[in-house]
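Please open the structure in the viewer and keep the sequence panel visible. The tour below proceeds by selection, one stop after another.

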Amino acid sequence: MATFLAAAPALGEILVERGDTLHVSVSEAPKLGGDSKVDAEGKIILPQLGGVPVAGMSIEAIRARLKELLVRQGILRSPTVLVEIAKYRPLYVGGKVKRPGAVDYEPGFTVRHALILAGGPGQAEEDRAASVDIPDLHARWKTASYQLLQVNSRIARLEAELARNGQAEPPVAPGAVPAQDAQALIGLDQKILQDRLATWTGSQAHLREGMALLDLEIDVLGKQAKLQEKERELDKDQVEAARALVQKGLLPLPRLQELQNAASRASRDLLDNQAYTARARQNRATIEYEFNSADTNWRIDIRQKLRDAMLDRVRVKAELDAISAQIVNAGSALEDAAGQARIAVVIYRSVAGHEETIKAQMDTQLLPGDILEVSLASGVAG
């Protein structure tokens with residue numbers, strides 16, 4: 001259905017339609033001519049000839065028909081007939097323009113001419129009767145522009161943090177945000193990024209150091225346990241030897257009891273050593289788990305924040321688009337060149353009895369009877 005306009009047909013090829021006004025002149029009988037508007041039935045009314053159907057015909061075809069009728073009806077033998085369009089049928093402009101309605105057509109008209117005559121893009125004057133607080137809209141628009149920059153800067157920082165990159169890609173700042181403010185805001189996120197990466201590096205180093213200290217403690221306890229094992233075996237041998245001497249009456253019983261107590265303390269020390277070693281291994285395993293899971297937890301946390309930031313960006317962009325549209329519809333101009341409203345024009349044109357839809361540009365040539373539908377779309381960067 002949709003077609004693109006390559007070039008408008010020459011005016012000489014335009015067919016006469018209802019609403020056009022023709023000027024007919026007959027050199028031999030000036031009273032037979034005059035101006036006549038093509039009526040709803042597609043006819044013009046001329047003296048003596050009455051109603052003559054002309055809708056859908058070219059100027060040359062109409063001239064030939066009138067000449068033929070004058071001769072056939074015996075009014076003139078060899079008439080000289082001239083036909084020209086005295087006034088073209090109007091074209092119509094609707095949609096987002098300040099003064100929608102009919103616009104008188106002139107040869108050479110483009111879409112730009114029609115928009116100028118319709119008051120330019122914007123909201124129809126009758127639709128803007130209600131009071132609109134333009135300063136408030138501009139303030140909200142500027143605030144939303146700062147919010148969009150802030151969200152984009154946060155997203156860039158989180159993406160860099162996720163990649164362990166110490167330099168975030170600076171986002172494009174909306175035109176409503178001065179360069180100095182944009183640099184300051186982006187610079188804050190860059191400092192946050194550096195602090196976060198430094199904290200991560202420090203945390204990992206601390207965990208590694210903790211594991212190294214526990215490895216040392218476990219090693220020392222292991223060596224101590226070996227010595228305690230040897231000491232316990234020695235105490236055991238001494239107790240057995242003392243018991244044999246006591247049975248022979250060669251050693252007093254209190255001495256045997258002292259050796260038994262010493263052997264008991266050695267056994268308790270070995271058990272304590274084993275308990276300390278077990279706790280050290282447990283602590284080491286805990287720190288190793290924290291070390292190994294820290295990266296996963298770090299990424300999960302950043303991805304969650306990145307997801308929330310992306311949702312914030314959608315919300316802020318939608319709000320900024322809505323405010324921009326309100327400002328444009330109210331007839332005011334946006335300060336941000338990057339956020340200017342885009343004008344979209346569609347032409348509905350009747351060609352040979354069927355309607356064509358044409359996506360037009362500002363310099364697209366117009367024809368009489370064209371219907372223009374104007375819409376606005378505010379584009380927000382980022």
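Begin by selecting Arg 164, which is found in the loop between α3 and α4 (179-248). The model is a predicted one. The phi angle of Arg 164 is positive, near 55 degrees, although the residue is not a glycine. In general, most residues other than glycine have a negative phi. With a relative accessible area of 28%, Arg 164 is partly exposed.

Which ring lies under the charged end of Arg 164? Add Trp 200 to the selection: the charged end of Arg 164 sits over the ring of Trp 200, 4.3 Å from the ring centre.

A further arrangement of this kind can be displayed by selecting Arg 196 and Trp 298. Here the charged end of Arg 196 sits over the ring of Trp 298, at 4.8 Å from the centre of that ring. Keep Arg 196 selected and add Arg 157, Glu 161, Asp 189, Asp 301 and Lys 305, for these residues and Arg 196 are linked in a network of salt bridges.

Next, select Gln 48, in the loop between β4 (43-46) and β5 (50-53). Gln 48 is not a glycine, yet its phi is positive, at about 70 degrees. Is Gln 48 buried or exposed? Its relative accessibility is 58%, so it counts as exposed.

**The whole chain**

Now show the entire protein chain. Its secondary structure comes to five helices and eleven strands. The chain has 382 residues, of which 34% count as buried. Its accessible surface comes to about 22,100 Å², and 53% of that surface belongs to carbon and sulfur atoms. Among contacts with a separation of 6 or more, residues 24 or more positions apart account for 68%.

**Aromatic side chains**

How many aromatic pairs does a search of the whole structure find? The search finds three. To see one of them, select Tyr 88 and Tyr 105, whose rings are arranged edge-to-face, 5.2 Å centre to centre and with 80 degrees between the planes. Tyr 88 lies in the loop between β6 (81-87) and β7 (91-95), and Tyr 105 in the loop between β8 (101-103) and α2 (111-117), so the pair ties together parts that are 17 residues apart in sequence. Both Tyr 88 and Tyr 105 are buried.

Add Phe 109 to the selection. Tyr 105 and Phe 109 form an edge-to-face pair, at 5.8 Å centre to centre and with 70 degrees between the planes. Phe 109 is buried, as is Tyr 105. Tyr 88, Tyr 105 and Phe 109 thus appear on screen as one aromatic cluster.

**A nonpolar patch**

For an aromatic residue at the surface, select Tyr 92, which lies in strand β7. Tyr 92 is partly exposed, with a relative accessible area of 40%. Select Tyr 348 and Ile 371 as well: together with Tyr 92, they make a nonpolar surface patch of about 260 Å².

**Salt bridges**

The structure holds 22 salt bridges. For one of them, select Arg 89 and Asp 20, whose closest N and O atoms are 2.5 Å apart. Arg 89 lies in the loop between β6 and β7, and Asp 20 in the loop between β1 (2-4) and β2 (21-26), so this salt bridge ties together parts that are 69 residues apart in sequence. Arg 89 counts as buried at 13% relative accessibility, and Asp 20 counts as buried at 0%.

Then move to helix α4 and select Arg 243 and Glu 240. Their side chains meet in a salt bridge of 3.1 Å, N to O. These residues are three apart in helix α4, and therefore separated by about one helical turn. Arg 243 is partly exposed at 28% relative accessibility, and Glu 240 is partly exposed at 44%.

In helix α5 (residues 253-329), select Arg 299 and Asp 295; because they are four residues apart, about one helical turn separates them. Their side chains meet in a salt bridge of 3.2 Å, N to O. Arg 299 counts as partly exposed at 26% relative accessibility, and Asp 295 counts as partly exposed at 28%.

**Last stop: helix α3**

Finally, select Gln 147 in helix α3 (residues 134-162). Gln 147 counts as partly exposed, at 30% relative accessibility. Which residues does Gln 147 touch, not counting those up to four places away in sequence? They are Val 316 and Glu 319. Add Val 177, which is 30 residues from Gln 147 along the chain: the C-alpha atoms of Gln 147 and Val 177 are separated by 10.0 Å.

Definitions and conventions:
Residues are numbered from 1 along each chain as its sequence is written. Side-chain values use heavy atoms; hydrogens and water are left out. Rings of Phe, Tyr and Trp (its six-membered ring) pair if their centres lie within 6.5 Å; planes under 30 degrees apart count as stacked, over 60 as edge-to-face and the rest as tilted. Helices (H or I, at least four residues) and strands (E, at least two) are DSSP runs, numbered from the N terminus. Buried means under 20% relative accessible area, exposed over 50%, partly exposed in between (1.4 Å probe, protein chains only). A charge sits over a ring if NZ of Lys or CZ of Arg is within 6 Å of the ring centre and within 35 degrees of the ring normal. Patches are made of residues with over 30% relative accessible area and no salt bridge: like charges are joined within 9 Å, nonpolar side chains (Val, Leu, Ile, Met, Phe, Trp, Tyr) within 5 Å. Accessible areas come from the Shrake-Rupley method with a 1.4 Å probe; for residues, only the protein chains shown count as cover. A salt bridge is a side-chain nitrogen of Lys or Arg within 4 Å of a carboxyl oxygen of Asp or Glu. Contact means heavy atoms within 4.5 Å.
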